[in-house]
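Subject: Model handover

Hi,

Here is the structure I said I would pass on. Have a look at it first, and my notes follow below.

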Amino acid sequence: LLVESSPLRANLRFGVALASEDTRTVWAAELLAARGFATRRVPGRAIVYALTRKRVEAVQKALRKAGVRAGYYHAGRSDAARKKAQQLFEAGTTPVLVATSAFGMGIDLPDVRVVLHVEAPSTLESYVQQAGRAGRDGQHAECWLAFSPADKRVHDRLRGNKPDDGGFERVSAYAYGAHCRQQAIANHLGSTIEICGACDTCLEPERVHGERDKAQAALQRTRETRAARRAQTVALDGTALETVVAFVDNLAKPIGRRYVAQALRGSRARALARKGVGKNPFFGALKELPEEAIVDAVDALLRDGLLIPKGKKYPTVWVAGKPVRSPQPKTGRTAASPLEKALRNFRRSEAKRRRVKPYQVFPNRSLRELCRQKPRTLPALREVWGIGEERVEKYGTQLLELCASA
């Protein structure tokens with residue numbers, strides 16, 4: 001006997017928020033607070049899914065700041081930390097858990113009232129599986145997805161060299177859909193059901209349609225802007241492209257592509273100043289071009305092989321065929337004397353004991369003068385730069401003993 005049934009449950013209400021990258025964490029906090037998760041007597045539990053460990057921790061901090069008792073769970077934490085986070089969640093001490101997809105396999109808590117995705121999963125099947133952890137007790141529960149096209153970039157990075165099977169495009173179609181959410185999911189999974197009458201498109205079709213039209217119009221404007229930038233990049237003459245390469249060639253070490261663009265536009269940002277790019281002879285040479293056009297030019301040069309990527313965790317760019325110079329060892333500094341080592345150790349221990357910074361015990365210049373003068377009496381110690389009466393009272397005896405033993 002073969003029994004076919006829908007993977008969806010009538011007690012679940014599905015909804016989508018077409019939220020921007022900057023607003024969806026706030027949206028998540030507001031939604032959970034409105035459902036009672038910022039009060040002392042919370043109505044069950046909630047799971048908040050994010051794609052990366054970094055985003056999980058950022059969302060957890062934002063929720064706690066908003067008064068929502070939230071823990072976090074991802075594979076980067078120790079086994080003990082993950083176990084503790086799950087225990088606190090199951091006990092209701094932290095009724096909200098922010099997690100990557102590493103959390104959830106085998107989880108069958110009955111009273112999960114909300115499953116909320118602040119970033120879109122890679123496939124609709126993954127979304128349904130994770131959302132299905134809501135309402136296991138048969139009572140009303142909600143499944144919300146905050147969707148942004150920007151999530152595709154995260155999936156592209158996480159996927160690496162694996163081919164794109166188009167799963168995210170189906171998630172996108174679901175998010176921008178204007179028909180019953182449950183019906184759309186069931187159709188995708190090969191089932192046929194009546195409209196649910198409970199999802200956001202069934203209950204508030206005008207609002208959903210309006211938000212969809214607004215979001216799609218904004219997306220179209222973004223696409224047109226990017227197309228215009230690409231056209232401008234293509235239109236860059238050979239001299240401009242050569243300027244980008246020349247700028248990178250005159251760097252002391254690789255930097256990020258956006259830093260390249262900002263420097264070529266003459267930015268005086270502090271982060272750039274620390275990298276010393278202001279001394280580059282091509283600094284500000286393309287100030288008449290938009291930053292994004294220069295970034296696109298860098299990407300084009302990377303594709304053509306004239307520039308090459310460096311680094312993995314923090315990608316940077318460099319000129320093809322040019323070796324990266326190793327940092328030169330510092331010269332001119334002699335080894336620390338026994339007295340200098342003793343004074344540094346004393347300063348460190350005193351700073352720890354008094355809970356202050358080492359320089360607050362006495363600064364480096366005073367340390368150097370103590371090594372040079374080696375005072376043997378309190379009057380002589382008072383004459384050392386930066387010591388003074390207060391430090392003599394605090395440390396005078398110990399400093400004289402250290403100098404005498406040198």
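Let me start with one helix pair: α11 passes α13 in a right-handed crossing. By that I mean that the near helix is turned clockwise from the far one by less than a right angle, whereas anticlockwise would be left-handed. Helices here are DSSP runs of H or I with at least four residues, and they are numbered from the N terminus.

Before the rest, a word on the basis. This is a predicted model, in which local features need pLDDT of at least 70 and side-chain atom pairs count only at pLDDT 80 or more, while totals for chains, interfaces and linings use all residues. Residues are numbered from 1 along each chain as its sequence is written, and side-chain values use heavy atoms, with hydrogens and water left out.

**α11 and α13**

Helix α11 covers residues 257-264, and its angle to α13 is about 130 degrees, with the axes 9 Å apart. The axes are lines fitted to C-alpha atoms, for helices over the stretch in contact, and the angles run from 0 to 180 degrees between N-to-C directions. That makes α11 oblique to α13. For the labels, under 35 degrees is roughly parallel, over 145 roughly antiparallel, 65 to 115 roughly perpendicular, and the rest oblique.

On the α11 side, Arg-257, Arg-258, Val-260, Ala-261, Gln-262 and Leu-264 take part, and they meet Glu-291, Glu-292, Ile-294, Val-295, Val-298 and Asp-299 of α13. Contact means heavy atoms within 4.5 Å. By class, the residues of this α11 with α13 contact come out as six nonpolar, one polar and five charged. In that scheme Ala, Val, Leu, Ile, Met, Phe, Trp, Tyr, Cys and Pro are nonpolar, Asp, Glu, Lys and Arg are charged, and the others, Gly among them, are polar.

α13 itself has 14 residues (291-304) and reaches 20 Å from its first C-alpha to its last, close to the 20 Å expected at 1.5 Å a residue. The expected span is 1.5 Å times one less than the number of residues. Which residues of α13 are buried? They are Ala-293, Ile-294, Val-295, Asp-296, Ala-297, Val-298, Asp-299, Ala-300 and Leu-301. Buried is under 20% relative accessible area, exposed is over 50%, and partly exposed is in between (1.4 Å probe, protein chains only). After α13 comes Gly-305, with a positive phi near 85 degrees.

**α10, α11 and the loop between them**

α11 also packs on α10, at an angle of about 110 degrees and with the axes 11 Å apart. That makes α10 roughly perpendicular to α11. Thr-243, Val-244, Phe-247 and Val-248 of α10 make this contact with Val-260, Ala-263 and Leu-264 of α11. The split for α10 with α11 is six nonpolar, one polar and no charged.

The loop between α10 (238-249) and α11 holds Asn-250, and Lys-253 lies there too. Asn-250 is partly exposed at 39% relative accessible area, whereas Lys-253 is exposed at 54%. Leaving aside neighbours within four places in sequence, Asn-250 is in contact with Asn-280, Pro-281 and Phe-282.

**α1 and α2**

Back towards the N terminus, α1 (residues 24-34) and α2 (residues 53-65) pack at about 50 degrees, with their axes 10 Å apart, and are therefore oblique to each other. Their crossing is right-handed. Arg-24, Thr-25, Ala-28, Ala-29 and Leu-32 of α1 meet Arg-55, Val-59, Ala-62 and Leu-63 of α2. That contact of α1 with α2 has six nonpolar, one polar and two charged residues.

**A few single residues**

Tyr-174 sits in helix α6 (residues 167-176) and is buried, at 5% relative accessible area. Beyond four places in sequence, its contacts include Phe-14, Val-16, Leu-124 and Tyr-127.

Two residues other than glycine have a positive phi: Arg-355 near 60 degrees and Lys-374 near 45 degrees. Arg-355 is in the loop between α14 (338-354) and α15 (358-361) and is exposed, at 78%. Lys-374 is in the loop between α16 (364-373) and α17 (378-382), and counts as partly exposed at 35%.

Cheers

Methods: Helices (H or I, at least four residues) and strands (E, at least two) are DSSP runs, numbered from the N terminus.
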